[in-house]
Every structure is written in C-alpha cells, then in structure tokens.
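Notebook open, coffee poured. I want to go through this model one feature at a time and jot down what I find.

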Amino acid sequence: MNVEVTGPSILFTLPILGGINVTQTLLSSAIVTVLLCCCFVWLGKGITKRPGGKQVLVEKGLGMLYDMTVQTMGEHNARWFPFICTLFLSSICGSLIGMTGFLRSSTADLSTTLTWAVMVSVIIWYNNIKANGFLGWLKGFTEPVAVMTPMNLVSEVAQPVSMAFRHFGNVAGGGVITSILYTALSMLSAIILNAISSSGIAVSIVMMVLAVGLLVWNSRDKKKWRLIVGILFALLGVFGLLQALDIISGVPVLALGIPAVLSLYFDIFSGFVQALVFTLLTMVYVAGSCPEPEEAGEQAAA
C-alpha cells in the first residue's frame with residue numbers, strides 16, 4: 001500500500017514581488033476570513049433589546065467565550081477578548097473547512113499554526129518590553145542566575161514551536177490516518193469484489209439471499225451483528241453482481257461510511273479541542289505578560 005502524503009499544492013502564482021505562490025492553505029485561510037466577516041456582519045444586523053433566536057444564540061456563545069477570557073486572563077485583560085475570539089473561531093473554521101472535500105484545512109499546514117504562535121510570542125514580548133523596558137526585558141533572560149540564560153532563550157523559542165506543532169500535528173495527523181484507512185479499505189474492497197465478480201453471478205445472488213435472511217432474522221430478535229453483516233453482504237452482493245455484468249466497477253464498498261465516522265472525531269471533535277487548547281495557552285501566556293496594575297507596580301519596584 002502506497003499512500004502519498006504531501007503538503008499544500010500551489011494553485012497559481014501572482015506575478016508581483018518576484019512571484020507569490022497561492023497555495024491551498026492560503027486559499028482556505030482567505031475563504032475562512034471572508035466567511036467569518038460576512039457571518040459577523042449578518043449576525044450583527046437587527047440587534048434589539050428583546051432578542052430573537054439568532055441574537056440569543058450569538059449572545060450566549062460570545063458570553064461563554066468572554067467569561068472564559070475574563071476568568072483565565074483577569075478582568076483587566078478583557079480588552080484581549082476580540083483577539084482571543086478571532087483566534088478561536090479561525091482555528092475551528094480552519095479545521096472544519098477540510099470537511100468540504102475540495103478545500104484543505106488551513107490548520108493542517110504548519111505555516112498557519114506557526115504564524116499564530118509567533119504572533120502570540122510577539123505580543124508577549126511587546127507587553128514585557130512595554131512594562132519593563134527593553135533592558136528590563138533582556139534582564140529577564142539572565143534570571144535567576146546568569147548561567148540560566150541559554151535555558152531561558154530555549155524556552156522563548158520552544159513556546160511558539162510547541163504550540164504550533166501541537167495544533168498542526170493533531171489536525172494533519174488525523175487527515176493522514178483517515179487517508180491511510182480509506183486507501184486500505186478501498187484496496188480490500190477491490191480484492192473482494194474482483195473475487196466475487198470473477199466467480200460468476202451465482203456467488204453474488206447467494207450473498208444477496210444470505211443478506212435478506214440475516215436482515216429478516218435480525219428483525220425478530222434485534223442483534224446488531226446480524227444487521228451489520230446483512231448490510232455488508234447486501235452491498236458486496238449487489239456491487240459484485242454489477243461488476244460481474246460490467247455495469248459498474250471499482251466502488252470502494254468497505255470504505256463507505258467508516259472514514260466519515262472518523263472524520264467526525266478528527267475534524268470536529270479534535271479540531272475543537274485543539275482550538276480550545278491553543279486559545280487557552282494563548283490566554284495564559286498573554287495574561288502572564290499583562291499582570292494586574294498593582295502586581296505590575298510591585299514587579300517594577302522589585
């Protein structure tokens with residue numbers, strides 16, 4: 001079995017600045033951005049004091065994100081809510097867009113998650129420099145003792161790298177696993193259907209008769225294994241017969257449904273979890289560089 005795993009394809013090249021490659025990731029990111037902007041404009045229209053169903057749903061979702069931001073970062077950091085909300089929604093939509101089948105998940109590209117992680121690090125460095133001054137920020141790399149400087153430098157680099165690879169690895173890995181399983185099931189389907197069709201029409205008819213018997217038997221005592229085996233026999237029998245009659249061939253029967261079920265986990269559940277983890281880490285790191293005014297004054301005095 002040979003499964004080729006490649007990066008995003010280059011769709012076309014813009015003839016400016018020496019040539020800018022427009023990849024699948026860039027297209028997906030642009031579509032996600034446009035869709036989010038259009039969705040926000042639509043959801044922001046018609047706001048009333050007595051909200052309807054749409055407004056209640058939006059207020060509930062934004063309220064949950066706002067409460068999470070305030071509880072994690074503190075009331076004084078509530079100004080970061082628009083940034084946190086944008087990062088969270090971009091991550092979720094960037095993962096879900098891969099379920100379209102013709103667009104690539106933008107979060108399955110390391111360049112996307114690494115850009116977000118570096119952006120978070122720049123925000124943290126800016127806040128530290130703003131609070132302590134440039135020399136004070138540099139002084140932090142020598143604490144608690146000078147020999148710890150290499151460790152501190154490595155920590156500054158490891159933080160965005162770990163955030164980026166965690167998010168990218170889970171989303172891209174899920175896509176690879178789904179692709180490998182789909183390829184394996186497709187190959188197994190081809191082997192079984194070729195064996196059935198080459199044996200003649202009789203084998204297909206026998207399998208369909210067995211399928212009917214299993215389904216009728218299942219209707220009496222409700223055993224799930226009989227239902228599953230009955231449906232499987234029916235599909236193999238029907239498509240084996242069609243292939244034997246040269247009507248249709250090459251249908252990946254065993255791959256129907258299973259990759260879709262895995263997609264529910266890897267694309268929806270895992271994508272949501274990774275977006276939440278990335279956002280929570282961002283809130284924790286940014287909150288650490290933006291302490292409360294009293295605490296910031298004590299640190300400056302020290």
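**Entry 1: the hairpin.** I started at the turn between E1 and E2, where five residues sit between the strands and Leu17 takes a positive phi near 55°. A reminder to myself: this is a predicted model, so I'm reading computed values throughout. Next I looked up how the strands pair. E1 covers residues 10-14 and E2 covers residues 20-23; they run antiparallel, and four bridges join them. I picked out one partner to anchor the register: Ile10 is bridged to Thr23 in E2. For later, when I look at side chains: in a regular strand they alternate between the two faces of the sheet.

**Entry 2: the whole chain.** I stepped back to see what follows the hairpin. The chain has nine helices and two strands. Along the sequence the order is β-β-α-α-α-α-α-α-α-α-α, so I wrote that down as a map, with the strand pair at the start and helices after it. **Entry 3: contacts and surface.** How many residues does the chain have, and what share of them is buried? The chain has 302 residues, and buried ones make up 31%. I then checked contacts between residues at least 6 apart in sequence: 65% of these join residues at least 24 apart. For the surface, I noted that the chain exposes about 18,000 Å², with carbon and sulfur atoms supplying 71% of that area.

**Entry 4: cysteines.** I went looking for disulfides and the count came to zero. Why is Cys39 not bonded to Cys93? The closest cysteine sulfur to that of Cys39 is in Cys93, and at 7.9 Å it is too far for a bond; the cut-off is 2.5 Å. I checked it from the other end too: Cys93 is in no disulfide, and its nearest cysteine sulfur is that of Cys39, 7.9 Å away. Are these two buried or exposed? Neither, it turns out: Cys39 counts as partly exposed because its relative accessibility is 33%, and Cys93 counts as partly exposed at 27%.

**Entry 5: a helix pair.** Two packed helices are described by the angle between their axes and the distance between the axes. I pulled both values for H3 (residues 81-96) and H4 (residues 110-139): the angle is about 170° and the axes are 13 Å apart. That angle makes H3 roughly antiparallel to H4, since the cut-off is over 145 degrees. Then I listed who makes the contact. From H3 I have Phe83, Leu87, Ser90 and Ser91. On the H4 side I have Trp116, Met119, Val120 and Ile123.

Technical notes: Residues are numbered from 1 along each chain as its sequence is written. This is a predicted model: local features need pLDDT of at least 70, side-chain atom pairs count only at pLDDT 80 or more; totals for chains, interfaces and linings use all residues. Side-chain values use heavy atoms; hydrogens and water are left out. Two strands pair if DSSP finds at least two bridges between them. Buried means under 20% relative accessible area, exposed over 50%, partly exposed in between (1.4 Å probe, protein chains only). Contact means heavy atoms within 4.5 Å. Accessible areas come from the Shrake-Rupley method with a 1.4 Å probe; for residues, only the protein chains shown count as cover. Axes are lines fitted to C-alpha atoms, for helices over the stretch in contact, and angles run from 0 to 180 degrees between N-to-C directions. Angles under 35 degrees count as roughly parallel, over 145 as roughly antiparallel, 65 to 115 as roughly perpendicular and the rest as oblique.
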